[in-house]
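Open the model in your viewer and keep the sequence panel beside it. The tour below goes from one selection to the next and says what is found at each stop.

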Amino acid sequence: MGKAHSEEKFFIAIRTSAGDRLTRTNLVILVVDIRRIVRLDWKILAQIEVITEQSTWENVAAKLATEPELAIDTESNSLHAYQEQVCLIQIGTPKESFLLDPLAVKDLTSLGDLLANPAIIKDLHGSDYDIRCFDRDYQFRISSLFDTQIAARFLGSTTPNLASVLENFLGVAIPKSHQLQRSDWAQRPLSERAIDYAASDVLHLVQLSDSLRQKLAKLGRLTWVDEECQRMEQVRFRTPDPPEVAFLQVKGSDRLGPRELAVLKELYLWRQGRAKQLGYPLYRVLTNEDLVRSAQEATQYPMSESQLAQQMAGYVPALRPHLADRSSDNVVSAMLRGIQGPLMYRPELPRRFNAWTPESKDRLQRLKQRRTSLGANLQIDPALVWPAPSLERIALNPETWRAEILDEGTREVRAWQRQEFSQHLMELLGVSG
């Protein structure tokens with residue numbers, strides 16, 4: 001290819017919900033270098049429509065309801081807001097990509113209907129987070145899920161991020177940007193680069209899904225992935241523990257004594273209120289590491305309020321912007337409440353009896369070796385072959401093998417795993433069904 005041709009650019013029109021008038025305001029031109037798409041099927045170069053009007057969305061949703069398969073993705077603002085929310089919902093078909101703006105389109109009932117419709121396959125990549133977000137923000141449920149990340153793992157992919165999977169299985173390169181990935185998706189208007197980035201996540205997903213299903217079917221693994229996806233459909237958002245309890249989960253808090261824990265609790269509660277007041281994510285006020293360090297330093301020896309502020313400014317630099325606050329509920333006041341208040345004790349956990357014997361340890365090693373061997377033969381991650389907690393229970397209590405291997409007594413073990421691998425484990429244990 002000559003230089004003139006290699007520098008040639010292709011232009012894809014991106015329509016917005018304002019309509020089809022070719023004005024500077026409502027037409028964005030996406031420039032795609034020919035060198036990025038020489039291996040693509042030209043049929044997947046689709047129009048991208050940004051939807052900001054309710055009426056436009058309802059018309060699009062009615063059209064999407066007739067599709068047999070949809071690609072779905074979301075973008076959120078978890079790194080930029082106290083209360084994370086879905087800021088953009090990408091929906092793709094083999095011919096078009098739609099960027100639905102949930103900050104502008106308030107009634108998303110039609111989207112919930114699409115996601116719950118079992119007649120429409122929903123293709124997502126790494127769906128766990130998206131499913132939790134849909135549940136948290138809208139209480140939406142997804143049926144007929146096909147997760148292309150799960151599918152790629154069952155085809156031996158060791159780098160199952162979307163860009164790698166598209167490159168490896170379709171030969172498609174998509175624009176990826178760490179900056180955009182971490183950007184504030186609540187900001188408007190969306191830049192051309194943001195639109196390009198968001199649309200690329202669904203532009204090829206239906207085609208990828210079809211390719212992966214064909215490969216899985218040839219290997220006899222499609223039912224394996226179907227079961228995994230059905231389990232993923234049941235994932236739900238878990239409401240965080242209240243801050244009065246959650247502070248005990250801070251990394252490093254297990255090293256703190258009762259007085260330091262009391263200060264940590266008050267600092268944690270102060271950070272929660274400050275972050276909510278500012279609309280910031282918690283880490284932008286103080287990181288967990290800053291909280292633990294502050295709790296340790298604040299309890300070194302008795303200090304007055306002014307001495308405490310001066311001491312903390314030197315030992316925990318991240319506190320400095322907050323030390324100038326002279327309000328009644330400032331960070332120094334929070335530390336003093338912890339220093340002067342009642343001691344805080346971590347709840348005692350029930351002692352676990354260590355039942356591991358040399359025999360059970362040897363049994364576990366042999367079980368894991370068999371799992372590794374089966375994974376190697378199939379060229380998949382051994383963790384997919386059989387869940388580790390189940391192997392540990394079998395190793396500790398081999399007499400309960402039937403519940404683990406045959407009787408569906410534990411939720412971790414999948415039906416497809418029992419069907420494919422139970423005989424291998426039974427042979428190793430020297431038992432029969």
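Select cysteine 87 to begin: its relative accessibility is 0%, so it counts as buried. This is a predicted model, and what follows is computed from its atoms. Now add cysteine 133. Cysteine 133 is in no disulfide, since its nearest cysteine sulfur, that of cysteine 87, is 9.6 Å away and a disulfide needs sulfur atoms within 2.5 Å. Cysteine 133 is buried as well, at a relative accessible area of 1%. For the whole structure the disulfide count comes to zero.

Zoom out to the full protein. It has 22 helices and eight strands. Of its 433 residues, 46% count as buried. The accessible surface comes to about 22,700 Å², and carbon and sulfur atoms account for 50% of that. Consider contacts between residues at least 6 apart in sequence: 65% of them join residues at least 24 apart.

Next, select the largest nonpolar core, which has 68 residues. Which of them touch the most other members? They are Trp57, Ile91, Leu111, Leu208 and Trp386. Centre on leucine 208 and ignore its neighbours within four places in sequence; the residues in contact with leucine 208 are then Thr148, Leu162, Val165, Leu166, Phe169 and Leu170. For the second, separate core, which has 30 residues, select Phe247, Tyr268, Ala295 and Leu319, which are among its members.

Return to leucine 208 and move on to helix α7 (162–170). Colour its buried residues: Leu162, Ser164, Val165, Leu166, Phe169 and Leu170. These buried residues pack against α6, α9 (192–203) and α10 (205–219). Step just past the end of α7 to glycine 171, where phi is positive, at about 70°.

The aromatic side chains come next. Seven aromatic pairs are found in a search of the whole structure. Show phenylalanine 154 and tryptophan 224: the ring centres are 6.2 Å apart and the planes meet at 70°, so this pair is edge-to-face. Phenylalanine 154 sits in the loop between α6 (148–153) and α7, whereas tryptophan 224 belongs to helix α11 (residues 222–232). The two residues are 70 apart in sequence, and their pair links distant parts of the chain. Are they buried or exposed? Both phenylalanine 154 and tryptophan 224 are buried.

Add tryptophan 416 and phenylalanine 421. Their ring centres lie 6.0 Å apart with planes at 75°, so this pair too is edge-to-face. Tryptophan 416 has a relative accessible area of 4% and is therefore buried. Phenylalanine 421 is also buried, with a relative accessible area of 4%. With Phe154, Trp224, Trp416 and Phe421 all displayed, the cluster formed by ring pairs is in view.

Two arginines complete the tour. Select arginine 213 together with phenylalanine 146: the arginine lies over the face of the phenylalanine ring, 5.0 Å from the ring centre. Then select arginine 284 and tyrosine 280. Here arginine 284 lies over the face of tyrosine 280, at 4.1 Å from the ring centre.

Technical notes. Residues numbered from 1 in each chain as written. Predicted model: local features only at pLDDT ≥ 70, side-chain atom pairs only at ≥ 80, totals over all residues. Heavy atoms only, no water. Phe/Tyr/Trp six-rings, centres within 6.5 Å; stacked < 30°, edge-to-face > 60°. Helix = DSSP H or I, 4+ residues; strand = E, 2+ residues; numbered from the N terminus. Buried < 20%, exposed > 50% of the residue type's maximum accessible area, 1.4 Å probe, protein only. Lys NZ or Arg CZ within 6 Å of the ring centre and 35° of its normal. Contact = heavy atoms within 4.5 Å. Areas by Shrake-Rupley, 256 points an atom, 1.4 Å probe, with all protein chains shown as cover. Core = buried A, V, L, I, M, F, W, Y, C linked by side-chain atoms within 4.5 Å.
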